[in-house]
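Reader: I'm new to this one and would like a close look at a single part. Could you take me to the place where the ligand sits, and then show me what is around it in the chain?

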Amino acid sequence: MARRIQSAIGWLSTGASVTALVMRGAPIATRLRSEVIATAAILRDRGGTPPRLATILVGRHAAAEAYQDGIKRTMESVGIRHGATLLPTATTPDDFVAAVLELNADPGVTGVLVLMPLPPHLGPDLVIEHLSPLKDVDGLTPTNAGRLYLGLPSLRPSTPQGGMEILDHYGIHLAGLNAVVIGRSNVVGRPLATMLTLRHATVTVCHRQTRDLALKCRGADLVAVAAGHPGLLRGDMVRPGAIVVDFGVNVVDDALVGDVDYAAVSQVAGAITPVPGGTGPVTRLVLARNTIAAGFAAIGGSLDHVAFATVDDRSNGEA
Ligand SMILES: NC(=O)c1ccc[n+]([C@@H]2O[C@H](COP(=O)([O-])OP(=O)(O)OC[C@H]3O[C@@H](n4cnc5c(N)ncnc54)[C@H](OP(=O)(O)O)[C@@H]3O)[C@@H](O)[C@H]2O)c1
């Protein structure tokens, strides 16, 4: 597998046509599922609280509700309990913060995830400022974001970490690659860029103000897209043989699509994640693993203990 990817990159300069390797998330999800079950047993043996993930959803939002349902199913599949806190749209900032603090203080809750988007009067900063770093299973708080930036053990945002798991599974050697990340959100683009940098890729982060996005993408060995803009990455924006990771989740004509024009880009790329079936299935299992990791952090009282939940130490302590 690794040889195939490396040879795809090797063809970049020749312009030879490449049939893209489809990097599906299912095998990684299967591996993570058994790892989570195994590490949950170790957590239990060490006297940890039975793991429980609490989600907070404010108001009604179809995508957030669908994500919450998916989280519940995934957690149940690995023996992690899930509790949903549902708050009305009119929840005041004080009441919202009180709900977060209550879950912080609850010893029966291992991890807390606030589902986005929040209503406009409740900025994400309320979560960033008030959520306990030891329960911050999506790695949003300054402590976890800072520790990621410094390469220290931390609870890492599950979506970009899932992308890294996919790249590792398919044997992609990241050191020295030119990578373009489209998107700079705190949950996907920015932490992904940090993770790639920690693994010695050379990273360009692009966003709405980026001039000549196509030119930047064409110069990349790896393009990762997390923009929420269907069809943003076109076939003519990708070098032959490049690796493409699509984090986008969009509904177009009742169908789930990513941010990549899959039909066109898969004719050019060396490897590509599909939507659905690529990054999505891996994200929720990384979240499950983070919930177990938070259980270890609770026992030790420190984020240094999260590594106990990670079988492959490349993902938290860079090689
Ligand atoms: N696969 C998964 O498990 C998973 C998990 C979470 C999210 N997602 C999906 O990933 C996507 C991104 O999520 P997010 O939470 O990061 O979104 P977000 O907070 O809206 O951020 C989107 C980022 O993309 C950039 N962007 C948007 N349109 C662009 C364009 N036309 N050209 C260049 N840059 C553009 C934005 O630039 P500015 O900063 O300049 O505005 C922003 O930095 C969404 O589709 C979301 O549903 C997937």
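Author: Here is a walk through the ligand site first, then the sheet and a few unusual spots in the loops.

Keep in mind that this is a predicted model. So where does the ligand sit? You'll find the ligand in the largest pocket. A shell of 20 residues surrounds the ligand, and the closest of them are R184, S185, R208, F247 and T283. Sorted by class, that shell holds 8 nonpolar, 10 polar and 2 charged residues.

Now zoom in on some individual contacts. Two of them use the protein backbone: a polar backbone atom of V249 is 3.0 Å from an oxygen atom of the ligand, and a polar backbone atom of A226 is 3.5 Å from an oxygen atom of the ligand. T279 brings in its side chain instead, with an N or O atom 3.1 Å from a nitrogen atom of the ligand. How much of the ligand does the protein bury? On its own, the ligand would expose 930 Å², and the protein buries 74% of that.

Step back from the ligand and look for the sheet. It is an open sheet of 6 strands with parallel pairing, and the order runs 1-11-8-7-5-6. Strand 1 (21-22) and strand 6 (202-206) are the edge strands, and each has a single partner strand, so one side of each has no neighbour in the sheet. Follow strand 6 inward and you meet strand 5 (residues 178-182), which pairs with strand 6 in the parallel sense over 5 bridges. To trace that pairing by eye, start at N178, whose bridge partner in strand 6 is T202.

The loops have a few oddities to hunt for too. One is a cis peptide bond between V275 and P276, with omega near 0 degrees. P276 lies in the loop that runs between strand 11 (271-272) and helix 11 (279-300). You've met both neighbours of that loop in a way: strand 11 is part of the sheet order, and helix 11 covers residues 279-300, while T279 is the residue with the side-chain contact to the ligand.

Another cis peptide bond joins M116 and P117, where omega is about 5 degrees. P117 belongs to the loop between strand 4 (111-114) and helix 5 (125-130).

Last stop: D253, which is not a glycine yet has a positive phi of about 50 degrees. Look for D253 in the loop between strand 9 (250-252) and strand 10 (255-257).

How values were computed
Residues are numbered from 1 along each chain as its sequence is written. This is a predicted model: local features need pLDDT of at least 70, side-chain atom pairs count only at pLDDT 80 or more; totals for chains, interfaces and linings use all residues. Side-chain values use heavy atoms; hydrogens and water are left out. A residue is near a molecule or strand if one of its heavy atoms lies within 4 Å of it. A polar contact is a pair of N or O atoms within 3.5 Å; within protein, one must be able to donate a hydrogen and the other to accept it, and residues adjacent in sequence count only if both atoms are side-chain atoms. Accessible areas come from the Shrake-Rupley method with a 1.4 Å probe; for residues, only the protein chains shown count as cover. On a 1 Å grid over the protein atoms alone, a cavity is a set of points where a 1.4 Å probe fits but cannot get out, and a pocket is an open set with protein on both sides within 12 Å along at least five of seven lines; lining residues have an atom within 4 Å of a point. A molecule sits in a cavity or pocket if more than half of its atoms lie within 2 Å of its grid points. Ala, Val, Leu, Ile, Met, Phe, Trp, Tyr, Cys and Pro count as nonpolar, Asp, Glu, Lys and Arg as charged, and the others, Gly among them, as polar. Two strands pair if DSSP finds at least two bridges between them. Helices (H or I, at least four residues) and strands (E, at least two) are DSSP runs, numbered from the N terminus.
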